[in-house]
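Colleague: I'd like to learn how to read pockets and strands in a model like this one. Could you walk me through it?

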Amino acid sequence: MDGDISKLKEITEITEKSNAITILDDAHGDFVIGEDGKGTPNYQNVEKKIDLYVSSLSKGLGSFGGYVSSSNNIIDLCINKSKSFIYTSALPSFLVEYSLKRFESNREKQRRKLESNKIQLIRGLKQIGYQINSKTHIIPLIIGNEKTAMEFGDYLFKN
């Protein structure tokens with residue numbers, strides 16, 4: 001929630017030494033960070049060290065659903081043992097087709113626009129007194145206690 005980026009190089013070094021696997025949920029990095037939006041592992045040059053990659057098709061891609069990318073053995077395990085996969089319906093075909101088209105598209109124009117919007121928003125928030133330390137497009141606003149946060153939310157809704 002802080003807009004920071006995980007230390008995947010260090011994490012993958014630990015998992016390699018420990019004979020563990022690296023599972024990454026990159027829902028906020030996929031399609032946005034890295035070369036042509038190839039995600040956080042691409043950005044940190046550790047793509048081949050991620051054993052199981054989980055992401056959303058709804059956040060950076062603007063579609064619906066999600067996916068898991070891994071070796072055939074792990075995918076087979078997920079298909080046969082994951083209750084959330086077994087007891088759900090497949091995505092409608094038009095959403096699958098839309099997502100596949102988005103996968104194949106050049107997302108660089110949208111990424112540049114997002115970066116420009118992020119810079120403009122951070123600049124404006126700093127001008128009105130917010131301390132923003134985010135290095136990504138996730139920009140948290142620390143409002144204060146619950147009451148102040150609720151009042152702020154009401155203000156935003158009304159205005």
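Colleague: What is the make-up of the lining of the largest pocket, in nonpolar, polar and charged residues?

Modeller: This is a predicted model, and in it the lining of the largest pocket has ten nonpolar residues, five polar and no charged. The pocket holds about 520 Å³ of space. Its lining counts 15 residues, and Gly66, Tyr67, Val68, Phe85 and Thr88 lie nearest the centre. Two or more lining residues come from each of β3, α3 (72–81) and α4 (83–86).

Colleague: How is such empty space found?

Modeller: Rolling a probe the size of a water molecule over the atoms shows where space is left empty. Here the second largest pocket has a volume of about 370 Å³. It is lined by 17 residues, with Asp4, Asp26, His28, Gly29 and Ile138 closest to its centre. The lining divides into six nonpolar, seven polar and four charged residues.

Colleague: Where does the second largest pocket lie with respect to domain 1 and domain 2?

Modeller: It lies between them, because domain 1 (8–105) and domain 2 (108–158) both give residues to its lining.

Colleague: And the strands: how should I read those?

Modeller: In a regular strand, side chains alternate between the two faces of the sheet. Take strand β2 (residues 52–56), where four of the five residues are buried. Strand β1 (residues 23–25) runs parallel to β2, joined by three bridges, and isoleucine 23 stands opposite leucine 52. With strand β3 (residues 66–70), β2 pairs in the antiparallel sense over five bridges.

Colleague: Which residue in β3 is the bridge partner of serine 55?

Modeller: Tyrosine 67 is the partner of serine 55, and Tyr67 is also among the residues nearest the centre of the largest pocket.

Methods:
Residues are numbered from 1 along each chain as its sequence is written. This is a predicted model: local features need pLDDT of at least 70, side-chain atom pairs count only at pLDDT 80 or more; totals for chains, interfaces and linings use all residues. Side-chain values use heavy atoms; hydrogens and water are left out. Buried means under 20% relative accessible area, exposed over 50%, partly exposed in between (1.4 Å probe, protein chains only). Two strands pair if DSSP finds at least two bridges between them. On a 1 Å grid over the protein atoms alone, a cavity is a set of points where a 1.4 Å probe fits but cannot get out, and a pocket is an open set with protein on both sides within 12 Å along at least five of seven lines; lining residues have an atom within 4 Å of a point. Grid points are joined across faces, edges and corners, and a volume is the space filled by probe spheres set on the points. Ala, Val, Leu, Ile, Met, Phe, Trp, Tyr, Cys and Pro count as nonpolar, Asp, Glu, Lys and Arg as charged, and the others, Gly among them, as polar. Domain bounds come from an automatic or database domain assignment.
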